[in-house]
Amino acid sequence: MEAVALITGASRGIGRGIALELARIGCSLAINYAGNRAAAEKTAADCESRAAGHGHAIRALPCQADISTSAGRQQLLDFTRDRLGRLDLLVNNAGVAPAVRADLLDASEESFDRLMSINLKGPYFLTQLAARWMIAQTQSPPGPDYAPKIVIITSVSAYAASVNRGDYCLTKSALSMLTALFAVRLAPHGIPVYEIRPGIIDTDMTSGVKEKYDRLIADGISPIARWGTPEDVGRAVAALAQGALPFSTGEVINVDGGFHLRTL
Ligand code: NAP
C-alpha cells in the first residue's frame with residue numbers, strides 16, 4: 001500500500017493502537033499529538049518497525065498540532081501534504097475527557113468550551129479541510145486505486161448518558177451527526193465516512209476510573225466481559241482502510257464488547 005493516513009491524537013492510547021494497525025497493513029502515517037513529543041516519537045518508531053516486520057517500508061512522522069485551533073489544523077494538513085504528499089485516510093481520534101467529572105448541576109462553562117473545541121470543533125473543521133483536499137485528489141489521483149476515506153472515533157457516550165460528564169457526552173453525540181453529515185455530503189465524491197464507537201478501552205483516559213470500570217465489567221456491563229484495547233479499535237480502522245465496507249457510508253461500527261445490546 002502507498003496509502004497515507006493522518007491520525008489525530010496518535011501519540012498514546014487508541015490513536016497509537018490505530019497507528020500500529022495501519023502500519024501493519026503498510027500505510028505511511030502522520031502521527032499527530034498535542035504536547036507529548038516523546039510518546040509520539042516512540043509511536044512513530046514502533047510503527048516503522050511493525051511495518052518492516054510485515055514487509056512494508058513506511059514513513060511514520062510525528063506532527064505537533066492543537067486540533068482545537070484553526071492554525072493547528074492547517075499546519076497538520078500542510079505537514080501531511082509537504083512531507084507525505086497525499087491523504088488517503090483521515091482518522092479523527094483526538095479527544096479529551098473533562099478535567100473534573102462534575103455533576104450536571106455544577107458543571108462549568110469552561111469545561112464545556114474546552115471539550116467542544118477539542119472534541120467537536122476540531123474534527124468538524126479538520127474534516128472540512130481534509131475533504132476539500134481529498135476531492136481535489138480524486139480529480140487528479142496521486143496513484144492507482146486512490147480511494148479516500150474518513151473515520152470518526154466517537155464513543156458509547158454518544159448515546160449512554162453519564163450525568164457526571166455531560167459535556168463529553170454532548171460532544172460525542174454531535175460527532176455522530178458529523179459522521180452522517182459528511183457521509184451524505186461526500187458520497188457523490190466517492191468518499192465514505194464511518195463512525196467507530198469504542199466502549200470501555202484501557203488507556204490513560206480511563207486510568208483514573210479503572211477500579212470503577214473493573215467492577216462494572218465484572219458485574220456484566222458488556223456481554224464480552226473484558227476491557228477493550230487500542231488494538232481492538234485499530235483493527236476495525238484497518239479493516240475500513242482496506243475497503244472492507246465498500247457499499248456503506250455513515251455506518252456506525254460498535255467496538256464495545258456488545259455494550260450497546262439490550263438484554264431482558
Ligand atoms: P488518551 O489516552 O488520553 O489520548 C489522547 C490523545 O489525544 C493523545 O494522543 C493526545 O496527545 C491527543 N490530544 C489531546 N488533545 C489534543 C489536541 N487539542 N490536539 C491534538 N491532539 C490532542 O485518550 P484515548 O482514551 O486514547 O481516547 C482517544 C479517543 O477515543 C478520544 O476521542 C476519546 O473520547 C475516545 N474514546 C475513548 C474511550 C476509552 O475508554 N478510552 C472510549 C470511547 C471513546 P498528547 O499525548 O500529546 O497529550
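Here are two short exercises on a predicted model with a bound ligand.

**Exercise 1: the ligand site**

Work out where the ligand sits and which residues make polar contacts with it.

*Solution.*
- Start with the location: the ligand is found in the largest pocket.
- Next, list the surroundings. There are 32 residues around the ligand, and Ser 11, Gly 35, Asn 93, Tyr 168 and Thr 203 come nearest.
- Now look for N and O pairs within 3.5 Å. On the side-chain front, Tyr 168 places an N or O atom 2.5 Å from an oxygen atom of the ligand.
- Then check the backbone. Ile 67 has an N or O atom 3.1 Å from a ligand nitrogen, and a polar backbone atom of Ala 65 lies 3.5 Å from a nitrogen of the ligand.
- Finish with the cover: on its own the ligand has 920 Å² of accessible area, and the protein covers 93% of that.

**Exercise 2: the nonpolar cores**

Find the residues that touch the most other members of the largest nonpolar core, then trace the contacts of Ile 18.

*Solution.*
- This core holds 36 residues, and those touching the most other members are Ile 18, Leu 22, Leu 29, Ile 31, Cys 47, Ile 196 and Val 237.
- Take Ile 18 and skip its neighbours within four places in sequence. What's left in contact is Ile 7, Val 91, Asn 93, Ile 153, Pro 230, Val 233, Gly 234 and Val 237.
- Don't stop there: another core lies apart from this one, with 33 residues, including Leu 61, Leu 126, Trp 133 and Leu 178.
- Asn 93 links back to Exercise 1: this contact of Ile 18 is also one of the residues that come nearest the ligand.

Methods: Residues are numbered from 1 along each chain as its sequence is written. This is a predicted model: local features need pLDDT of at least 70, side-chain atom pairs count only at pLDDT 80 or more; totals for chains, interfaces and linings use all residues. Side-chain values use heavy atoms; hydrogens and water are left out. A nonpolar core is a set of buried Ala, Val, Leu, Ile, Met, Phe, Trp, Tyr and Cys residues joined through side-chain atoms within 4.5 Å. Buried means under 20% relative accessible area, exposed over 50%, partly exposed in between (1.4 Å probe, protein chains only). Contact means heavy atoms within 4.5 Å. A residue is near a molecule or strand if one of its heavy atoms lies within 4 Å of it. A polar contact is a pair of N or O atoms within 3.5 Å; within protein, one must be able to donate a hydrogen and the other to accept it, and residues adjacent in sequence count only if both atoms are side-chain atoms. Accessible areas come from the Shrake-Rupley method with a 1.4 Å probe; for residues, only the protein chains shown count as cover. On a 1 Å grid over the protein atoms alone, a cavity is a set of points where a 1.4 Å probe fits but cannot get out, and a pocket is an open set with protein on both sides within 12 Å along at least five of seven lines; lining residues have an atom within 4 Å of a point. A molecule sits in a cavity or pocket if more than half of its atoms lie within 2 Å of its grid points.
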